[in-house]
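Trainee: Before I take this model to the bench, could we go through it together, one question at a time?

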Amino acid sequence: MLRIFLLHILLFEVAILYSSFVTGVLVNGVVTAEWDGVNFYISVKQETIQNQLNAFHSSRFNGCFDGLRLYVPDVPILPDLHNSDRHPVYISFGHMKSHDFDGYLEENPNTCVSVSGLEVAVTIPLLAGAPDGPPVYALALAKFYEKSRGDIPKINFLYHYIPVDEITMNDCGAVVRNGNDEMRVSFNRLNDPCMPPTSIVKEEFEEFIHSDFQFGLPQPDYSFCDRHSFESKFCANAERIKCGVHRYAPNLCQQWSSKTTEQCVTTVEIKNITSGFRNFILLGDDPINILASETDRNNFTVSLRYPCQEQQDGGTL
């Protein structure tokens, strides 16, 4: 039943994307990178999700414009896995490396630029552009990185980048700390040999995560390129997109295209999480319910689309 429901949504999604985005601008290849990490989904109250979406709308428009909206869909998402009044939040621990700075690093091995390192990302997936719409959007909430990396190029530019004191990770688990706050998770990675994930992860979740349109909190930040004068694909795109970004922000989104090289079953348990990180992942005081988890290694390309949402008659929201 779940598979049929999701297939219906995917077919509806194709029709909506064609009609809604046919006049939008797609800037291909803004960023390319590699990812190696553990991803999992937790169950969060729909009310908490909608409050976060309302805060996003208010922060972008100061309460004066109500055109661009994201919603928790009317139809419960993945009701077979959790209660119908809840919604998933997507969390990733892993190592990110950008390909767009390789030549510069080869010529300047002692540079202060750190283009690779451990990161923790938090996203609300499976959101709709209307209460009765299909879940084709995601909202990027936060990406944590170590302060010691210095002035890093923020290649996933729609995330709110937040420096923390420490991120560590090995085959058994990971920890992110900032002051007195900590999130500690344990892993059981079944990758020797790799066991493919169940269909609920590989088909139901991943079909959406790899094909959605991702909004973010800030505008794309290319100030890094002003501080470091060298050629890169990342910085070259600054001139190409700045007029569109200025015109349509915050109605911008990034679209991921990834080629997964390995995807393995992994069980995850949150061993300890303090109030600060509970709030970041929208968990609050709720008990922890992990819906699904996996390990994946992939190469990806990010493109920028604007406007991201358009009215059905073709007018920009």
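What follows is a short exchange on the fold, one helix, the cores, a cavity and one strand residue.

Trainee: How many helices and strands does the protein chain have, and what share of its residues count as buried?
Mentor: Bear in mind that this is a predicted model. The secondary structure of the protein chain comes to seven helices and eleven strands. Of its 317 residues, the share that counts as buried is 52%.

Trainee: What span should helix α6 have, and how far apart are its end C-alpha atoms?
Mentor: Helix α6 covers residues 233-248, which is 16 residues, and at 1.5 Å a residue these should span 22 Å, because the expected span is 1.5 Å times one less than the number of residues. The computed distance agrees with that expectation, the end C-alpha atoms being 22 Å apart.

Trainee: At which residue does α6 bend, and by how much?
Mentor: The bend is taken between axes fitted to the seven residues ending at a position and the seven starting there. In α6 the angle comes to about 55°, and the residue where this bend lies is I241.

Trainee: Which residues of α6 are buried, and what covers them?
Mentor: The buried residues of α6 are F234, C235, N237, A238, I241, G244, V245 and Y248, so the residue at the bend, I241, is itself under 20% relative accessible area. What covers these buried residues includes β1 (25-45), α5 (223-227) and β11 (290-306).

Trainee: Which strand gives the largest share of the largest nonpolar core?
Mentor: The largest nonpolar core has 42 residues, and those with the most contacts inside it are I42, I49, F93, F144, M183 and V185. Its largest share is five residues, and they come from strand β4 (residues 137-146).

Trainee: Which residues of α6 are included in the second, separate core?
Mentor: This second core has 32 residues, and among them are A140 and C225. It also includes two of the buried residues of α6, namely V245 and Y248.

Trainee: How much space lies in the second largest cavity?
Mentor: A search of the whole structure finds three cavities of 30 Å³ or more. The second largest is lined by M96, S114, V115, E119, R149, I152, P153, I155 and Y161, and the space within it is about 40 Å³.

Trainee: Why does Q263 count as buried?
Mentor: Q263 lies in strand β10 (residues 253-273), and its C-alpha is 4.3 Å from that of D296, although the two are 33 residues apart in sequence. Buried means under 20% relative accessible area, and Q263 counts as buried because its value is 12%.

Note on methods. Residues are numbered from 1 along each chain as its sequence is written. This is a predicted model: local features need pLDDT of at least 70, side-chain atom pairs count only at pLDDT 80 or more; totals for chains, interfaces and linings use all residues. Side-chain values use heavy atoms; hydrogens and water are left out. Helices (H or I, at least four residues) and strands (E, at least two) are DSSP runs, numbered from the N terminus. Buried means under 20% relative accessible area, exposed over 50%, partly exposed in between (1.4 Å probe, protein chains only). Contact means heavy atoms within 4.5 Å. A nonpolar core is a set of buried Ala, Val, Leu, Ile, Met, Phe, Trp, Tyr and Cys residues joined through side-chain atoms within 4.5 Å. On a 1 Å grid over the protein atoms alone, a cavity is a set of points where a 1.4 Å probe fits but cannot get out, and a pocket is an open set with protein on both sides within 12 Å along at least five of seven lines; lining residues have an atom within 4 Å of a point. Grid points are joined across faces, edges and corners, and a volume is the space filled by probe spheres set on the points.
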